[in-house]
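Subject: Structure for you to look at, with notes

Dear colleague,

I am handing over the structure below, and I would be glad if you read the notes after it with the coordinates open beside you.

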Amino acid sequence: MNLGTDIWLGFREIWAHKFRSLLTMMGIILGVASLVSMAALVKGMENGLREALIEIGGLERIRVEASEVPAHQLHLADQAVGTTLDDVEALKRNATFAQLIVPELRTRTAFMTRGSRQFSAWLFLGTWPGALEINQHEIAHGRMFNELDDAEARNVCVIGTAVRDALFGSPEEMGREIIPVGETILINQQPMTIIGMFKHYESEDDRRLRERQAEQPKPAQTNAGPARSRGWQVRSPGGWVYYIKNTSVYIPLNTMQTRFKTVTSTNPVPDRRISVINVRIKGIENLEPALQQIRNIMLNTHKGIEDFTFRTQEDWAEQITTAIRNARLSGGIIAAISLLVGGIGIMNIMLASINERIREIGIRKAIGATDASVFVQILIESSVIALIGGVAGLVTAQGFVHLLASVTPTGNAPVVTFSAMAIAFFFSLLTGIVAGLFPAFKAARLEPIRALRLD
Amino acid sequence: MALVEVRNVSKIYHLGGEEIRALDNVSLDIESGEFISIIGPSGSGKSTLMHILGCLDSPTSGTIQLDGVMIHNASPRQLAAIRNRKIGFVFQFFNLLPKLNVLQNVELPMVYAGLSSRERRKRAERALELVGLENRAKHRPNQLSGGQQQRVAIARALVNEPRIIFADEPTGNLDSHTGEAILELFKELSRQGRTIVLVTHDPEIAAVTPRRIEIRDGRIASQVDPRLAGLAGATV
């Protein structure tokens, strides 16, 4: 049989019934469009979550945190020294899987003031310059404190943009961006000089939203009453990561220990304990051996008392995977149902079409068409409907995605992937073929004599 | 061996428990190059006979040999191939495909025969020339008169060089003037040596063929055969 002629005839048949064919294709168009845009939405969500995961240091980052002495070692509790810089030194010497080790010392209350303005930092910690790298921070203005600042316990700090907004005013408020490098603020009544400021952290979507709002004139404030914080506003999934980073204040570790952790002013011996040791390992595939190695080293320095735990981002990564899988599944089911409906539409129209073309089929058989060639002809016609529907669906999907993106600017930007398009197109074609099987079989089985007698 | 040999062919339908013998023990031979008419009133079984001879239907019993092939027990696939290559049909209602133009209609049997498009075009143009419609190749069937449509149908029947042509009431849907022209065309084709079987209910039309077979109630009622009588017009 002549495949080219059959495809051409299929197009002719569709063109001859333009409106009917369009309605038939609608199911396929919507099915493909919903499959592609659903996949795009899920991909956008996934990208947002992964972006946030990378922002907090990725899977390679392990946090070693202090914990209670386990029950079976309670009788040794008075021997426990806690996590100290000795552990950091031991890890630096022996932990071969570790690439970067940065200790962290936190203070619970960080009350910051400048003039009449005040702010409580979410994260006020003393650390080493390496924190910049391990916490994925970037200095936008000024500089990070260095080893010398740490060794001399200088009163310097690096702040996030949210701290600047609270103490000096945000760019929106002031009409220009204030760079407070060189200014001095009080943290828990201790004067600290700002030597650097991190860049402003935000997700792709928050950035888009901010830019949109900047373009539009600011609406008049309608709610009267005293000025107040309007509460949490975290929009995108994983948005809290950016919030925490923006409200961080970093100072050198030694400064933290001598200024904020000394027990009393009469006994200026600092508490040697630190809160957390951040370790970045060499490659995610080394996670298990690295954890084991760090545990062994620390058990040695802790005299066998296991008063520490590990925290990794595996759970979060797993949650992301689960959420994405669920979203994919529900989206896939919706798209599959619309493709199924589209397929039923095609089958219906093909059955109607062969009923009104019984005579044509009879003529074709009388002049020598075999059952197989009639079968193939009908099958190709239904496939061509699905093919055109699939292409139209892919085009529609682009419009859909743009529409979704503009209607919900706060969501993650949908990402149309080639694989989603290929899969959707493949399934539309498959639907066309499957829907054509029964009508094609029916047409092929028509007896020529019956078909010709029908007038 | 004759081109077509029909031996004791019967076709029996069952209609609500009642047995209807559309063909009852028919035997006949058709030689290559003959011009035959099968005549009989409607319901006589002449159309059933033509359909069975044309491989569109199969007999209930009996044997048929066509050009060396036993067609009474051939598979649907073989029958399709025989219809395609050895048989040409001309119908009362022309049965052209309205969505294809004249040239494409004529090419259709060659599409199923698997010929190259260049060969198809060449042969279709030659067949259209034969019926005098070479300048209508790009027209649609509904842009042509009835006589022209029937000529296209004849061109389509001829294009695969079949061993035998069946014409089922070819003038039944045409005015008498056009019908005569079509019959002239069949006579011309017969003179070129083609085997033609004309099925009709009209004795006047049947009169153009030398040999005539009359069917009544599924049986051969009478035959006019110039070979048996030695001269045209003798009744057996």
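The notes below take up confidence, the contact between the chains, and then some packing within each chain.

This is a predicted model, in which local features need pLDDT of at least 70 and side-chain atom pairs count only at pLDDT 80 or more, while totals for chains, interfaces and linings use all residues. Residues are numbered from 1 along each chain as its sequence is written, and chains are lettered from A and ligands numbered from 1 in the order in which they are written.

For the complex, the predictor gives an ipTM of 0.87 and a pTM of 0.67. Chain B has a mean pLDDT (the predictor's confidence in each residue, from 0 to 100) of 85, with 96% of its residues at 70 or more. Among the elements of chain B (helices, H or I, of at least four residues and strands, E, of at least two, being DSSP runs numbered from the N terminus), the lowest mean pLDDT, 66, belongs to helix H8 (residues 226-229) of chain B, and the highest, 90, to strand S8 (residues 195-200) of chain B.

The contact between the chains (C-beta atoms, placed from the backbone, within 7 Å) takes 16 residues from chain A and 19 residues from chain B. On the side of chain B that touches chain A, H2(B) gives the most, with six residues.

Within chain A, helix H2 (residues 18-55) of chain A and helix H14 (residues 371-407) of chain A pack with their axes 6 Å apart, at an angle of about 45° (axes are lines fitted to C-alpha atoms, for helices over the stretch in contact, and angles run from 0 to 180 degrees between N-to-C directions). H2(A) and H14(A) are therefore oblique to each other (under 35 degrees counts as roughly parallel, over 145 as roughly antiparallel, 65 to 115 as roughly perpendicular and the rest as oblique).

In chain B, an open sheet of six strands with mixed pairing (two strands pair if DSSP finds at least two bridges between them) has the order S6-S7-S8-S3-S9-S10. Strand S6 (87-90) and strand S10 (219-224) of chain B each have a single partner strand, so one side of each is left without a neighbour in the sheet. The twist from one strand to the next averages 20°. S7(B) and S8(B) run parallel and are joined by five bridges, and B:Ala167 has B:Leu198 as its bridge partner in S8(B).

With best wishes

Definitions and conventions: Two residues are in contact if their C-beta atoms, placed from the backbone, lie within 7 Å.
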